[in-house]
Amino acid sequence: MQKRISVRNLIEFILRSGDIDNRIGAGSEDAMAEGQRLHKQIQKRAGSDYRSEVPLAYTYSEDDIDLTVEGRADGIIENESGITVDEIKCTYGDIMHYKEAKPLHLAQAKFYAYILLSERNIPSIKVRLTYVNIETEEIRYFNYTFLSEELLKFTSDVCHEYIKWAKFSLEWINKRNDTIKGLPFPFPYRDGQDTLVKQVYHSILKERKLFLEAPTGVGKTIATMYPAIQAMGVGLSQKIFYLTAKTITRTVAQNTVEILRSKGLTIKEIVLTAKEKICFIESTECNPVSCPYAKGHFDRVNECLFAMLNECDDYNKETILKYAEKYKVCPFEMSLDLSMFSDIIIGDYNYAFDPRAKLKRYFEAETGDEYIFLIDEAHNLIDRAREMYSASLVKEDFLKIKNLTKDHLPKISKQCETCNKKLLTLMRECDDYTLEPAISPFTESLMRLYSAIDKFLQDERSILNKDKEKVPKEIKDEVLNFYFEIGHFLEIYELVNEDYTVYATFNEYGDFYVKLYCVNPRDNLMECMAKARSSILFSATLLPITYHKNLLGGEKEDYEVYAKSPFDPEKRGLFIARDVTSKYTRRNDSEYQKIARYINKIVSEHAGNYMAFFPSYSFMSEVYAAFEDLGFSEGKEILIQESNMSEDEKQLFLQRFTGSTEEVSFSDINFNIEIEESDPLLGFCVIGGIFSEGIDLTRDSLIGAIIVGTGFPLVCLEREIMKDKFDEDGQGFDYAYRYPGLNKVLQAAGRVIRTVNDVGVVYLLDERFLQSNYKNLFPREWSNFTPVTLNTVEKETKAFWNSKSD
């Protein structure tokens with residue numbers, strides 16, 4: 001049996017020990033894009049006897065396992081003095097204070113050295129650790145010489161320790177694949193679903209992306225998961241990442257795996273939970289002083305992992321917490337390790353895409369032929385990616401840290417003052433906002449501040465630091481959090497290109513800030529998806545497909561599929577108002593009253609549960625006031641969405657639609673509202689909010705959606721920047737406003753008709769929907785609609801419901 005692993009992953013997995021400690025600066029690791037630039041620069045300057053990025057591989061055999069360990073040595077130097085393996089590490093740390101090479105860095109270099117030594121059959125070899133300070137470009141070397149005997153023992157011991165893990169993994173894969181071979185599709189195929197399954201499999205086979213518009217009812221989760229698992233069973237993949245933005249869709253994925261298990265599938269699946277939601281301690285402080293689970297974590301975690309792998313296959317939050325408590329390890333870090341032995345990883349987008357959170361252990365290689373990405377609700381990834389690949393810093397935060405540190409950390413305080421002065425210069429040049437300000441002087445100062453904090457964090461961890469107790473904990477915490485923010489900004493700064501706009505402005509509190517705004521995340525996403533064999537991006541609202549394909553990293557050769565809806569279009573009435581709009585130029589009392597009259601006529605004609613969706617909270621308030629003033633609230637139960645609703649408040653809101661009378665309590669108030677069953681129920685909601693997407697209200701729980709306006713995002717600086725950027729291709733307004741708005745409309749409309757038995761109505765209350773530039777964007781299921789006016793909506797509504805009662 002054969003098993004492959006990278007040198008770095010092997011070393012870090014077997015030789016790690018001690019504590020988790022987030023107080024350690026990032027200087028111990030390769031640092032960002034600037035570090036990569038210096039890395040290459042050093043290699044180019046090294047001379048003719050220096051070979052860079054040399055691929056090396058070694059196979060260790062034991063217990064019928066052939067373990068191949070492979071990687072790339074940063075450099076190999078061959079001259080009259082012998083052969084030297086060079087390992088380069090770029091850092092913001094104060095390398096002149098390093099007393100020796102970091103143990104894991106040295107171990108990695110030693111492994112490369114043994115591979116080369118054994119190939120050349122020489123008695124000894126040299127190893128050099130090259131540390132480079134990113135800010136100053138200072139270089140420090142640590143040189144070692146090793147005999148073949150000691151390197152043989154070192155590599156053999158490391159590989160021997162890993163053999164039990166390799167054996168378990170290989171035996172598990174055989175067991176898993178045996179159950180995949182005969183695994184049936186768990187349901188009778190819906191119309192077109194078998195074709196969809198084949199298209200997903202074909203995309204994986206051909207190593208392409210698939211952009212899948214899958215209307216509600218298609219069964220997109222099982223239709224993507226099943227062929228991905230089948231591809232895994234024939235060796236096209238060893239791991240599936242099911243990525244999504246919402247908890248509810250993660251739950252659906254879990255349930256789908258359970259359904260397949262009930263049909264005979266044996267598979268390991270893990271749900272990754274955010275650190276703050278799974279941490280045992282409230283403050284989420286990952287260091288041995290604050291958390292007993294962080295102290296000695298690496299000394300105990302492998303024992304915990306091996307027990308879990310042999311005792312269970314479903315690694316949900318509850319199971320992870322149980323084992324973490326038993327073995328006294330960090331549940332979050334342990335779950336990341338556990339994912340290495342899981343077949344399916346279910347989690348948020350950020351585990352694959354976010355520079356701050358992505359699982360680097362999987363995505364450091366140039367390609368990821370072993371992985372499949374299943375990206376659910378892919379329309380959400382555009383704005384999420386913009387957030388992930390953007391960064392901002394607020395001037396006032398520098399003043400805050402400056403004042404906090406002036407007595408205890410004067411060097412950091414001084415660097416904060418320098419950064420503040422650079423920002424002050426930019427602020428004086430900014431009236432309202434500034435596009436593309438000259439921020440290079442600021443970022444240079446920022447790198448020096450980052451280096452100063454990094455040195456403090458490195459020294460803070462040292463037992464020999466006699467001054468460590470002089471810095472109060474609250475100051476350390478503030479400095480550490482600020483350090484992470486600066487690090488993210490510097491990392492994003494290295495990504496800035498023509499897809500970015502840098503701007504400076506003031507927030508709602510009057511604070512000045514600079515932002516690196518990722519307008520088009522296409523290239524960043526494309527780079528991440530290149531780490532997978534295939535990416536399947538699917539959503540019920542992926543229209544227009546060209547817009548989503550462009551911003552989500554699609555290429556010309558990638559596939560597009562529009563799945564057929566299984567629902568009878570006759571069971572949904574679609575009505576478009578031709579005499580009302582949410583245009584800013586028409587927002588007045590008369591228009592608000594007309595919209596209120598529309599809503600009243602719709603809900604009064606056929607009693608049931610309805611949701612009305614509005615462009616904003618202020619617009620909703622105006623229409624509700626008109627609704628009240630006109631006396632339309634009488635005989636109806638009205639629910640109003642509030643901003644920043646708690647989880648209990650959201651639950652209570654939805655329970656009124658499902659008909660549940662289960663008591664829900666929050667704060668010191670208990671809610672158990674009684675209403676007449678015949679009263680219409682009307683929810684006033686905001687489009688794009690928590691109730692317009694991701695909720696499942698079937699049958700009579702929701703029979704109508706009334707959508708006011710085109711869903712346009714609010715006009716703001718970033719939307720206008722986006723508009724200007726895409727205007728270069730003549731698509732500025734569409735990309736900044738029309739297409740995102742349409743997506744919100746489609747999502748809200750999709751709350752109606754969730755099963756084949758549902759009957760319901762959708763009203764688009766804006767005359768602009770009758771224009772060709774909107775009608776051309778409608779999904780196929782919207783080909784038949786009825787234009788209405790305030791005078792005819794009652795009649796047309798009545799005709800629809802009468803036709804369903806025949």
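Axes here are lines fitted to C-alpha atoms, for helices over the stretch in contact, and angles run from 0 to 180 degrees between N-to-C directions. Before I use that, a word on the model. This is a predicted model, in which local features need pLDDT of at least 70 and side-chain atom pairs count only at pLDDT 80 or more, while totals for chains, interfaces and linings use all residues. Residues are numbered from 1 along each chain as its sequence is written, and side-chain values use heavy atoms, with hydrogens and water left out.

I will name helices and strands by number. Helices (H or I, at least four residues) and strands (E, at least two) are DSSP runs, numbered from the N terminus.

Let me begin with helix packing. Two packed helices are described by the angle between their axes and the distance between the axes.

The first pair is helix α4, residues 148-181, and helix α9, residues 297-311. Their axes come within 12 Å and cross at roughly 20°. Therefore α4 and α9 are roughly parallel to each other; angles under 35 degrees count as roughly parallel, over 145 as roughly antiparallel, 65 to 115 as roughly perpendicular and the rest as oblique. The crossing of α4 and α9 is left-handed, a term for a near helix turned anticlockwise from the far one by less than a right angle, with right-handed used if it is turned clockwise. Which residues make the contact? From α4 they are Lys164, Trp165 and Phe168, and from α9 they are Asn302, Leu305, Phe306, Leu309 and Asn310. Contact means heavy atoms within 4.5 Å. By class, the contact of α4 with α9 has five nonpolar, two polar and one charged residues. For those classes, Ala, Val, Leu, Ile, Met, Phe, Trp, Tyr, Cys and Pro count as nonpolar, Asp, Glu, Lys and Arg as charged, and the others, Gly among them, as polar.

Helix α4 also meets helix α3, residues 103-120. The axes of α3 and α4 come within 9 Å and cross at roughly 115°, and α3 and α4 are therefore roughly perpendicular to each other. This crossing, of α3 and α4, is left-handed. On the α3 side the contact is made by Ala107, Lys110, Phe111, Ala113, Tyr114 and Leu117. On the α4 side the residues are Ser148, Leu151, Leu152, Phe154, Thr155, Val158 and Cys159. The contact of α3 with α4 has 10 nonpolar, two polar and one charged residues.

One more residue of α4 is worth a look. Asn177 lies in helix α4. Is Asn177 buried or exposed? At 12% relative accessibility, Asn177 counts as buried; buried means under 20% relative accessible area, exposed over 50%, and partly exposed in between, with a 1.4 Å probe and protein chains only. Leaving aside neighbours within four places in sequence, Asn177 is in contact with Met232 and Gly233.

The next pair is helix α21, residues 589-605, and helix α27, residues 793-805. These two pack at an angle of about 25°, with their axes 9 Å apart. That makes α21 roughly parallel to α27. Here α21 passes α27 in a right-handed crossing. Tyr598, Lys601, Ile602 and Glu605 in α21 meet Val793, Glu794, Thr797 and Lys798 in α27. The residues of this contact divide into three nonpolar, one polar and four charged.

Now a single helix, α19, residues 522-529. Its buried residues are Asn524, Leu525, Cys528 and Met529. Seen down the axis of α19, these fall within an arc of 130°, so they line one face of the helix; the arc is that of the directions from the helix axis to the C-beta atoms.

I will finish with the loops. Leu409 sits in the loop between α15 (395-405) and α16 (410-428). At 11% relative accessibility, Leu409 counts as buried. Outside its neighbours within four places in sequence, Leu409 is in contact with Phe456, Val471 and Val479. Leu409 and Val479 are 70 residues apart in sequence and 10.0 Å apart in space, C-alpha to C-alpha.

Pro544 is in the loop between β17 (534-539) and α20 (545-551). The peptide bond from Leu543 to Pro544 is cis, with omega near -10°.

Asp63 lies in the loop between β2 (50-62) and β3 (65-79). Its phi is near 55°, a positive value in a residue other than glycine. At 43% relative accessibility, Asp63 counts as partly exposed.

Glu207 lies in the loop between α5 (193-205) and β7 (210-213). Glu207 has a positive phi of about 60° although it is not a glycine. With a relative accessible area of 39%, Glu207 is partly exposed.
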